[in-house]
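Q: I would like to learn how to read a protein model feature by feature. Could we go through one together, with the general idea before the particular case?

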Amino acid sequence: MKKNDIIELAIEDLSVDGAGIGKYAGTGVPEPGQYKEAAGERAMVFFVKDALIGDRIRAKVMKLKKNYGFARLLEVLEPSPDRVEPPCGLPRQCGGCQLQALSYEKQLEFKQNKVLSSLVRIGGFDAAKIPMEPVIGMNEPFHYRNKAQFPVGRDKNGKLAAGFYAARTHDLIPVSSCCLGVPQNQEVMERVLAWMEQYGIEPYDEKTGTGLVRHVLVRYGFRSRQLMACLVINGRTLPKAAQLADSLCEIEGMTSISISVNERRSNVIMGDCVQTLWGQDYIEDTIGDVKFQISPLSFYQVNPVQTEALYGRVLEFAGLSGSETVWDLYCGIGTISLFLAKQAKKVYGIEIVPQAVEDARRNAQINGVANAEFLCGEAEEALERLCGSSGSLEPDMAERPQVAVVDPPRKGCAQRLLDSIVKAAPDRIVYVSCDPATLARDLKYLCGNGYELERVQVVDQFCQTVHVETVVLLTHEKPTSYIEVTMDYDIIVSEYKPKVKVTYKMIIDYIKENYNLNVHSTTIAEVKRSLGLKVGDYNKKGDTDYRKEKITPEKRKAVEETLRYFEIIR
């Protein structure tokens, strides 16, 4: 078998990123579950984007490894009984809705299994003992997003366009409307593009670093019906800004028009500086009975319907009676904090983004919440101050918490933060996660340091995609009795199995496979050195074997994330 070969597969499973999984045994398409070794060699596993469980497909081999490969879907020979017609005409090209061709019932099943699988594989939990509750889905799993970020550029014909990037690329796919977003997105984009055409405003070019308009951010309040438009620009000023504002403010509900200055040559979308061109600095929206002011830089859940269900579970898991002190870590604009404050004695919210902390304090005032206090800084550093180096709390800042709520970014909790939580020993931890893998990693640590897995709730916050939100309740173990244990060290030593050594070649291969980057061992060594890790002499053979390449931010990030994957760093 070689690259570009055409093969036929029966798809039996989906990977965590939604790719179909099938095995090729050399001839024909076997019945599901009937794979056999062919000509003395094992059947090869293939990952095929856009293929679904139950599909029989024809695919083109794109990449081969020793025991697995990647293929591109050419034709569905026999569709899965769970395959449906996507309402969007661009699901394969865009790549944003990886599961749109799968029935919604099966999407929910996939996400429940994805979380369960991560807890077993990464967390080491017994599948039969994981307290999984039925997944919470949506009645209407389309047009639920209250936020959209459209990159602006030129299509392959040189025409001004806005849309989304194709999966794993920065190739712009023009999208006039999106099945996940609100209809107002399209009207905003049409007016922005018309303004750019009329006044000769150029889009940003990633390759040259020239051009002005990079992205357009649109936010919409589902309850308030208020609309925000923010242009991310590669410059300090926006020419013809008054004309743009005049056009946009004609849209019903338009409340805030602003620019975000981002002159960095990076993949970060928003800049740090926001200037309001017209209207308010924010829009308002309501979740449950809590009102929020949302600025362009605010973190705010994109699916308000499911957010209400999600926060309801957080409040339920917290089990508040009115006497508890609660820590809300990675609190953003205080969305969870304000929900908890109505049933807690005191809530301390911690967030690293200063603008979000300002928004959180303002949201507390708007809702008349006096028992929520918000601190600005890294969560781990704030907790170390709260706990003190000796483990005692600083009395002027907080009381020891009965409940800790964590809602970290995709990378999960920093190790220092987990250590601080364990030191503080709250009775309950409510962990809200958008990534099952880092969730499982952190739960493994917490459950190895005095906590028990009590409840696991999957919420379909991102319908039609592979992403999922999970809420977990952990309770502190309290010993009911003690026993004496006699340890036979001879048996322990004989049964000890050392951890597999992670080699530079393993790291290089992983980066090539997952990031499509070629890195030299010296790059890995330099990154490890910068992280304070012990590095051997990688230039023992002399200068002729030493190759020092430029460590770009992209390569540094890929190396650091790979070191986390192999658990060399956390």
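Q: How much surface does the protein chain expose, and what share of it do carbon and sulfur atoms supply?
A: In this predicted model, the protein chain exposes about 28500 Å², of which carbon and sulfur atoms supply 50%. Counting by residue instead, 49% of the 570 residues of the chain are classed as buried.

Q: How many helices and strands does the protein chain have?
A: There are 14 helices and 22 strands in the chain. Among contacts with a separation of 6 or more, 64% are between residues 24 or more positions apart.

Q: In what order do the strands of the open sheet of 7 strands lie?
A: As a general idea, strands of a sheet pair through backbone hydrogen bonds, and they do so either parallel or antiparallel. Here the order is β9-β8-β7-β10-β11-β12-β13, and the pairing is mixed. The edges are formed by β9 (172-174) and β13 (273-279), each of which pairs on one side only. On average, and with direction ignored, neighbouring strands of this sheet are turned by 35° against each other.

Q: Do strands β10 and β11 run parallel or antiparallel, and how many bridges join them?
A: Strand β10 (residues 213-220) and strand β11 (residues 227-233) run antiparallel and are joined by 7 bridges; one bridge can be located by finding Arg219, whose partner in β11 is Met228.

Q: Which helices pack on this sheet or lie across its strands?
A: Helix α3 (residues 184-199) packs on the sheet, where it touches β7, β8, β10, β11 and β12, and its direction makes about 150° with that of β10. Helix α4 (residues 241-248) lies across β11, β12 and β13, running at about 145° to β12.

Q: How are the rings of Phe47 and Tyr68 arranged?
A: In general, a pair of aromatic rings is described by the distance of the centres and the angle of the planes. The whole structure contains 7 aromatic pairs. For Phe47 and Tyr68, the centres are 6.2 Å apart and the planes stand at 85°, so this pair is edge-to-face. Phe47 belongs to strand β3 and Tyr68 to strand β5, 21 residues apart, and together with Phe70 these residues form one aromatic cluster. Phe47 is partly exposed at 22% relative accessibility, and Tyr68 is partly exposed at 30%.

Q: Is Thr335 buried or exposed, and what does its side chain make a polar contact with?
A: Thr335, which is found in helix α6 (residues 335-341), has 4% relative accessibility and therefore counts as buried, the cut-off being under 20%. Its side chain makes a polar contact with the side chain of Tyr311 at 2.9 Å. Beyond its neighbours within four places in sequence, Thr335 is in contact with Phe292, Tyr300 and Tyr311.

Methods. Residues are numbered from 1 along each chain as its sequence is written. This is a predicted model: local features need pLDDT of at least 70, side-chain atom pairs count only at pLDDT 80 or more; totals for chains, interfaces and linings use all residues. Side-chain values use heavy atoms; hydrogens and water are left out. Helices (H or I, at least four residues) and strands (E, at least two) are DSSP runs, numbered from the N terminus. Buried means under 20% relative accessible area, exposed over 50%, partly exposed in between (1.4 Å probe, protein chains only). A polar contact is a pair of N or O atoms within 3.5 Å; within protein, one must be able to donate a hydrogen and the other to accept it, and residues adjacent in sequence count only if both atoms are side-chain atoms. Contact means heavy atoms within 4.5 Å. Two strands pair if DSSP finds at least two bridges between them. Axes are lines fitted to C-alpha atoms, for helices over the stretch in contact, and angles run from 0 to 180 degrees between N-to-C directions. Accessible areas come from the Shrake-Rupley method with a 1.4 Å probe; for residues, only the protein chains shown count as cover. Rings of Phe, Tyr and Trp (its six-membered ring) pair if their centres lie within 6.5 Å; planes under 30 degrees apart count as stacked, over 60 as edge-to-face and the rest as tilted.
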